[in-house]
Amino acid sequence: GGGADRATSACLHRDSARLFVVDGVDGDVVVYDVSNPSSPSFAGAVLPPSPSCGFDPGPALDVGCGSSGPVAITWSGETLEFPGRIQLIDPLTLAELSAVTTFGANPVDIDAADDGSLFAVACAGNRPFTGGGDGRGYVTIVRIPPGGAGAVDVHRDVVPIPFGAFAGREA
């Protein structure tokens, strides 16, 4: 991954001195060590979440992080049952700590608390269509519990905020 005209989203994880970049052409996430900003070096790539229970992740859509804590990556998915995934990874090892399903399809934007304890993921939604699409947009809130990202409980730490029907037009 990586190259001219390809970066669609990036976040700088200050504590690890790592830059996480969504490659909009390949749909993957590449990582650079920027501890020496005048000479960034390639540190690796993040693997998408494993297919599970019928969800086969599409391309990465966004990446977000605070100065510390995990890094969040959203992966597309366009079915009612599997609208998208939020993957939480360790910024140093690039290993997956957990992954949860988003509320709403098309998880296009991530905002993070500075300490990495809370993520808000905007899901643009999709039009209702035969066999899928609920026509709603959501913000999915993910709280990182005291046990860390690997201890996220989808019934306690992942909460939706629903919005009105998707009109098919961006403002």
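# Exercises on a predicted model

In this predicted model, Ser 98 has its place in strand S8.

**Exercise 1.** Establish whether Ser 98 is buried or exposed, and determine which residues surround Ser 98 once its neighbours within four places in sequence are left aside.

*Solution.* Begin with the accessibility: the relative accessible area of Ser 98 is 12%, and since buried means under 20%, Ser 98 is buried. Next, list the contacts, leaving aside the neighbours within four places in sequence: Ser 98 then touches Ile 86, Gln 87, Leu 88, Ala 149, Gly 150 and Val 152. Turn then to the polar atoms, where a polar atom of the Ser 98 side chain lies 2.9 Å from the backbone oxygen of Ala 149. Finally, take the C-alpha atoms, which for Ser 98 and Gly 148 are separated by 9.8 Å, although these residues stand 50 residues apart along the chain.

**Exercise 2.** Describe the sheet to which S8 belongs, giving the order of its strands and naming its edge strands.

*Solution.* The sheet is open, consists of four strands in the order S5-S6-S7-S8, and has antiparallel pairing. Its edge strands are S5 (60–65) and S8, each of which pairs on one side only. With direction ignored, neighbouring strands of this sheet are turned against each other by 20° on average. For a closer view of one pairing, take S5 and S6 (residues 71–76), which pair in the antiparallel sense over five bridges; here Ala 60 stands opposite Trp 75, a residue of S6.

**Exercise 3.** Work out the surroundings of Ser 9, and state which residue is joined to the Ser 9 side chain by a polar contact of 2.3 Å.

*Solution.* First locate the residue: Ser 9 is found in strand S1, which covers residues 7–13. Its relative accessibility of 12% places Ser 9 among the buried residues. If residues up to four places away in sequence are not counted, the contacts of Ser 9 are Phe 20, Val 21, Val 22, Leu 61, Asp 62 and Val 63. The polar contact of 2.3 Å runs from the side chain of Ser 9 to that of Asp 62. As for the backbone, the C-alpha atoms of Ser 9 and Ala 60 are separated by 9.7 Å, with their positions 51 residues apart along the chain.

**Exercise 4.** Find how many aromatic pairs there are, and characterise each by its geometry and by the accessibility of its members.

*Solution.* The count comes to two aromatic pairs. One of them is formed by Tyr 32 and Phe 42, whose rings lie 5.9 Å centre to centre with 75° between the planes; because an angle over 60 degrees counts as edge-to-face, the pair is edge-to-face. Tyr 32 lies in strand S3 (residues 28–33) and Phe 42 in strand S4 (residues 41–46), so the pair ties together parts that are 10 residues apart in sequence. Tyr 32 is partly exposed at a relative accessible area of 23%, whereas Phe 42, at 52%, is exposed.

The other pair, Phe 103 and Tyr 138, is tilted, with 6.4 Å centre to centre and 40° between the planes. Phe 103 sits in the loop between strand S8 (96–101) and strand S9 (107–112), Tyr 138 belongs to strand S11 (residues 136–143), and the pair thereby links distant parts of the chain, 35 residues apart. Phe 103 counts as partly exposed at 31% relative accessibility, while Tyr 138, at 15%, counts as buried.

Notes
Residues are numbered from 1 along each chain as its sequence is written. This is a predicted model: local features need pLDDT of at least 70, side-chain atom pairs count only at pLDDT 80 or more; totals for chains, interfaces and linings use all residues. Side-chain values use heavy atoms; hydrogens and water are left out. Helices (H or I, at least four residues) and strands (E, at least two) are DSSP runs, numbered from the N terminus. Buried means under 20% relative accessible area, exposed over 50%, partly exposed in between (1.4 Å probe, protein chains only). Contact means heavy atoms within 4.5 Å. A polar contact is a pair of N or O atoms within 3.5 Å; within protein, one must be able to donate a hydrogen and the other to accept it, and residues adjacent in sequence count only if both atoms are side-chain atoms. Rings of Phe, Tyr and Trp (its six-membered ring) pair if their centres lie within 6.5 Å; planes under 30 degrees apart count as stacked, over 60 as edge-to-face and the rest as tilted. Two strands pair if DSSP finds at least two bridges between them. Axes are lines fitted to C-alpha atoms, for helices over the stretch in contact, and angles run from 0 to 180 degrees between N-to-C directions.
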